[in-house]
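Me: I've just opened this one and would like to go through it with you. Could you start with whatever caught your eye in the loops?

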Amino acid sequence: MKIGYSLLLGEYVPADQARYGDMTGFQIVCPCCKDPLIKVERPTPKDVTEFFSHYASKPGMADCEMRVASITQEDRTRTDSASRGQNLKVFLSVYRDAMSLEFANDDSPWNEYREMYGVRWFADFLASYLKSDEWIGEKREELLDWGLEPIDAHRIASETGLAISYRRKVAKDITDHLTAPYAEKNRRFSAEFAIRTLVSFRWFLRRHGDPEENIDFSLAKILTDDREAFDIWLDEVKSEDPEQERHFLRLTHLGMTFLLRSIMGMPVLDMLRNHRAGKRPLEGITALDHLHVRGDIDLSLPHDPAWVAQGTRP
Ligand SMILES: [Zn+2]
């Protein structure tokens with residue numbers, strides 16, 4: 001059969017998306033009789049045919065195949081989106097705690113920073129930016145691909161194709177959520193999270209970043225309680241002083257990039273497994289379960305980032 005059902009995701013899974021390792025990890029079963037399936041790849045002269053099959057033949061199996069084949073795209077879409085809605089609820093119920101895992105061992109004086117005038121202004125700006133959907137906008141797919149690159153390239157948790165595509169879906173759902181009118185609290189959290197990441201990664205950026213693109217300058221502008229100096233800088237940015245505008249955009253883009261990559265690094269499958277087992281989503285999950293992809297990040301921005309194309313401006 002061409003589609004199976006993942007007990008873990010509560011979704012239908014096409015055979016060509018699943019790898020051998022996904023079968024147990026995602027608990028892929030026959031949508032009809034719920035027996036475990038195996039993945040079969042059969043080379044043809046031109047391609048490889050991929051399908052699922054029951055383990056051993058037993059009476060009534062042909063019946064299964066027929067009934068599975070009759071599941072329409074409409075049935076699948078309905079089930080998948082209902083399940084995704086429920087899964088998203090699970091992730092959002094602990095979104096802030098799950099993301100905060102990244103800073104479990106952070107000893108920077110963040111609580112001092114976050115109260116600063118410049119930081120509060122910038123957090124407000126980023127929060128409204130998230131709401132506007134500008135940071136993802138039309139180029140969402142491209143940005144998600146780009147955000148997944150380091151995960152895909154390093155296979156940090158030796159994830160399979162299906163895990164990666166699920167991560168992508170979740171990140172998409174969460175970024176959608178962040179634009180919702182009622183998501184103010186998560187938006188504010190995410191904006192601060194982005195700034196906190198910039199601050200804690202300052203040393204890294206200092207060592208590895210292109211000196212031309214160094215964010216030290218703009219971070220210093222923001223980590224301040226000097227209202228007057230901050231407002232003067234902001235006026236320069238708003239008046240489109242190319243140099244200052246570039247600094248501002250750079251900070252915004254990197255912050256949003258870090259945020260997106262952290263969302264993609266959330267231990268979503270572990271969380272889902274916990275939930276399905278009747279445990280709290282974050283039970284037993286530690287900072288180590290988060291995919292830390294920033295250590296290897298390529299600091300260059302995408303060739304034509306959506307943010308620049310859409311003319312981000314305070
Ligand atoms: Zn069956």
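Reply: Bearing in mind that this is a predicted model, I would start with Q27, which sits in the loop between α1 (22-25) and β3. Q27 has a positive phi of about 50° although it is not a glycine.

Me: And how exposed or buried is Q27?

Reply: Q27 is partly exposed, because 17 other C-beta atoms lie within 10 Å, and that count falls between the limits of 12 or fewer for exposed and 20 or more for buried.

Me: Which residue in the loop between β3 and β4 should I look at?

Reply: Look at K34, which is placed in the loop between β3 and β4 (37-43) and which, although not a glycine, has a positive phi of about 65°. K34 counts as exposed because it has 12 C-beta neighbours inside 10 Å.

Me: OK, β3 keeps coming up. What sheet order is it part of?

Reply: Strand β3 belongs to an open sheet of three strands with the order β2-β1-β3 and antiparallel pairing. The edge strands are β2 (11-14) and β3 (28-29), each of which pairs on one side only.

Me: How many bridges hold β1 and β3 together?

Reply: Strand β1 (residues 3-6) pairs with β3 in the antiparallel sense over two bridges, and S6 has I28 in β3 as its bridge partner.

Me: Switching to the helices: how many are there in the chain?

Reply: The chain has 15 helices, alongside five strands. As for the chain overall, 32% of its 314 residues are buried, and among contacts between residues at least 6 apart in sequence, 71% join residues at least 24 apart.

Me: Let's take a helix pair, then. At what angle do α6 and α9 cross?

Reply: The axes of helix α6 (residues 117-132) and helix α9 (residues 184-200) cross at roughly 125° and come within 8 Å. The two helices are therefore oblique to each other, and α6 passes α9 in a right-handed crossing.

Me: Which residues make that contact?

Reply: On the α6 side the contact is made by V119, F122, A123, L126, A127, L130 and K131, and on the α9 side by R187, R188, S190, A191, E192, A194 and I195. Sorted by class, the contact of α6 with α9 has nine nonpolar residues, one polar and four charged.

Me: What about α8 and α13, how far apart are their axes?

Reply: The axes of helix α8 (residues 161-177) and helix α13 (residues 242-265) are 8 Å apart, and the helices pack at an angle of about 125°. That angle is why α8 is described as oblique to α13, and the crossing of this pair is right-handed.

Me: And which residues meet there?

Reply: From α8, R167, A171 and I174 meet L260, I263 and M264 of α13. The residues of this contact divide into five nonpolar, no polar and one charged.

Me: While we're on α13, is M256 buried or exposed?

Reply: M256, which lies in helix α13, counts as buried because it has 24 C-beta neighbours inside 10 Å.

Me: How far is M256 from Y129, in sequence and in space?

Reply: M256 and Y129 are 127 residues apart in sequence, and their C-alpha atoms are 9.7 Å apart in space.

Key. Residues are numbered from 1 along each chain as its sequence is written. This is a predicted model: local features need pLDDT of at least 70, side-chain atom pairs count only at pLDDT 80 or more; totals for chains, interfaces and linings use all residues. Axes are lines fitted to C-alpha atoms, for helices over the stretch in contact, and angles run from 0 to 180 degrees between N-to-C directions. Helices (H or I, at least four residues) and strands (E, at least two) are DSSP runs, numbered from the N terminus. Angles under 35 degrees count as roughly parallel, over 145 as roughly antiparallel, 65 to 115 as roughly perpendicular and the rest as oblique. A crossing is left-handed if the near helix is turned anticlockwise from the far one by less than a right angle, and right-handed if clockwise. Two residues are in contact if their C-beta atoms, placed from the backbone, lie within 7 Å. Ala, Val, Leu, Ile, Met, Phe, Trp, Tyr, Cys and Pro count as nonpolar, Asp, Glu, Lys and Arg as charged, and the others, Gly among them, as polar. Two strands pair if DSSP finds at least two bridges between them.
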